[in-house]
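Work through the exercises below with the coordinates open, and try each task before reading its solution.

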Amino acid sequence: MTAIDLIERKRDGGRLSTAEIGWLIKNYTSGSVTDYQMAAMLMAAYIHGLDRAELFAWTDAMLHSGDLLDLSAIKAPKIDKHSTGGVGDKVSIPLAPMVAACGVAVPMMSGRGLGHTGGTLDKLETIPGFTTNLDPNTFARILSDTGLVLGGQSKTLVPADQKLYALRDATGTVPSIPLIASSIMSKKLAEDLDGLVLDVKVGEGAFMESPDQALELAETLVGIGQAYDLKVVALLTNMDAPLGREVGNANEIAESIAVLAGGGPDDLVEITYALGSEMLQLAGMAQDDEAARRLLRAAVDSGAAMEKFAAVIEAQGGDPRVLDHPGLLPKARYQQELPASRTGYVTLCDARNVGVAAMRLGAGRERKEDEIDPAVGISIVAKPGEQVDEGQPIARISFNDEGRLAMALPLLKRAFHIASIPAGQPPLILGEVRS
Ligand code: URA
């Protein structure tokens with residue numbers, strides 16, 4: 001077998017066998033298939049897609065490219081949640097402690113921000129001392145001790161995806177349904193889960209801009225789970241506008257803490273409870289949505305969810321005093337308000353422009369290797385549907401660098417649309433797919 005034979009066949013619309021895909025992924029992970037060969041293969045797969053057998057073979061080869069987590073010592077049901085990525089999407093941060101406080105083991109394995117989308121790991125690392133870089137034994141021990149762990153993917157878990165994702169990012173081959181689905185599911189299958197809840201984002205700020213594409217992605221993800229007997233529920237949720245009012249890193253932690261304290265913006269709270277409800281039902285802890293929401297609400301009202309977050313922060317080396325003293329989070333040196341250009345109603349706050357503006361401020365990465373500034377970000381004062389007066393602030397920008405502010409401002413101005421009549425807002429939850 002040679003890489004060039006396989007590339008040529010895929011380029012011409014042919015299909016690859018399970019053995020050929022296994023060979024390709026194994027040899028790419030070890031380095032004997034080169035980046036330039038794999039880049040050509042990815043582009044061929046992007047253009048022609050992968051059929052069902054190819055998709056399963058691709059996912060399985062990635063899954064077995066490294067170690068698998070062994071969490072068999074943990075007796076509680078193990079349920080994770082994964083989002084396909086959005087702007088202001090800090091849901092995992094309040095959700096994981098809320099669900100863990102209800103008795104589910106939550107091995108939350110998250111990623112870093114890239115492009116206009118933020119990453120849970122970057123947000124968590126704004127908590128002084130908090131580390132997300134955990135080896136598999138430490139990951140399992142913290143999960144066993146606290147019922148919850150908030151880590152990144154270790155180097156030995158699905159190494160094929162670590163290489164492939166970086167290559168896709170550099171070759172314009174990220175937004176392919178089979179490549180996204182195999183990337184996400186190989187990592188989730190390596191986690192030894194009993195159930196998985198997926199938040200498939202749809203809209204301006206998501207990889208999948210149309211509901212049809214998002215549905216196809218959700219069905220593909222759930223279909224892979226089914227092939228491995230993993231219970232999967234996918235909710236399709238709106239990502240036309242940022243979720244919540246904060247976009248950045250430290251400011252998103254502060255907003256997550258507000259949700260755990262029983263507050264927080266309505267859209268963020270609704271998505272957190274909807275996903276939490278699915279996690280509790282998958283775990284067998286609640287019979288229906290109403291019962292699940294009651295449990296989640298009780299975990300918040302009693303303070304159990306906040307205590308869980310404090311426990312995991314401490315277990316991962318962080319300073320839990322941030323929960324009562326958000327002033328301990330990194331703070332930008334300067335603030336500037338963006339005034340409303342006219343009186344009226346915000347009809348659109350375009351997630352992609354806000355996300356790119358936050359990235360330009362330094363809150364996100366243009367390239368994988370970029371450093372982020374944890375303190376900078378955007379606070380949305382007027383969300384879609386809300387009324388504004390000309391000259392009043394619609395957004396507040398926290399920044400450390402005038403040059404970066406100058407790059408972010410035009411995008412942020414473009415993100416807000418104001419009209420005299422309020423526009424109807426799309427529902428937050430657009431659909432669901434279940435195994
Ligand atoms: N998230 C992933 O883990 N992989 C993708 O390909 C896209 C989003």
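The exercises that follow deal with the ligand site and then with a sheet.

The model is predicted, so that local features need pLDDT of at least 70 and side-chain atom pairs count only at pLDDT 80 or more, while totals for chains, interfaces and linings use all residues. Residues are numbered from 1 along each chain as its sequence is written, and side-chain values use heavy atoms, with hydrogens and water left out.

**Exercise 1.** List the residues around the ligand, and sort this shell by class and by element.

*Solution.* Begin with the residues that are near the ligand, meaning that one of their heavy atoms lies within 4 Å of it: these are Tyr165, Arg168, Ile180, Ser183, Ile184, Lys187 and Phe207. Sorted by class, the shell holds four nonpolar, one polar and two charged residues, where Ala, Val, Leu, Ile, Met, Phe, Trp, Tyr, Cys and Pro count as nonpolar, Asp, Glu, Lys and Arg as charged, and the others, Gly among them, as polar. Sorted by element, the largest share, four residues, comes from α9.

**Exercise 2.** Which distances separate polar side-chain atoms of Arg168, Ser183 and Lys187 from the ligand, and how much of the ligand's accessible area does the protein cover?

*Solution.* Take the ligand's oxygen atoms to start with: one is 2.8 Å from an N or O atom in the side chain of Arg168, and a polar side-chain atom of Lys187 lies 2.5 Å from an oxygen atom of the ligand. Turning to nitrogen, a polar side-chain atom of Ser183 lies 2.6 Å from a nitrogen atom of the ligand. Of the 240 Å² of accessible area that the ligand has on its own, the protein covers 91%, the areas being obtained by the Shrake-Rupley method with a 1.4 Å probe.

**Exercise 3.** Establish the strand order of the open sheet and identify its edges.

*Solution.* Two strands pair if DSSP finds at least two bridges between them. Four strands form the open sheet in the order β1-β4-β5-β13, with mixed pairing, and its edge strands are β1 and β13 (429-434), each of which pairs on one side only. Next, compare the senses: β1 and β4 (residues 195-202) are parallel over five bridges, with Ile79 opposite Gly195, whereas β5 (residues 231-238) and β13 run antiparallel, joined by five bridges, with Ala234 opposite Val433.

**Exercise 4.** Which residues of β1 point one way, and which the other?

*Solution.* In a regular strand the side chains alternate between the two faces of the sheet. Ile79, Lys81 and Ser83 point one way from β1, and Asp80 and His82 the other way. Five of the five residues of this strand are buried, that is, under 20% relative accessible area with a 1.4 Å probe and protein chains only.

Terms used:
Buried < 20%, exposed > 50% of the residue type's maximum accessible area, 1.4 Å probe, protein only. Helix = DSSP H or I, 4+ residues; strand = E, 2+ residues; numbered from the N terminus. Polar contact = N/O pair within 3.5 Å; in protein donor to acceptor, adjacent residues only side chain to side chain.
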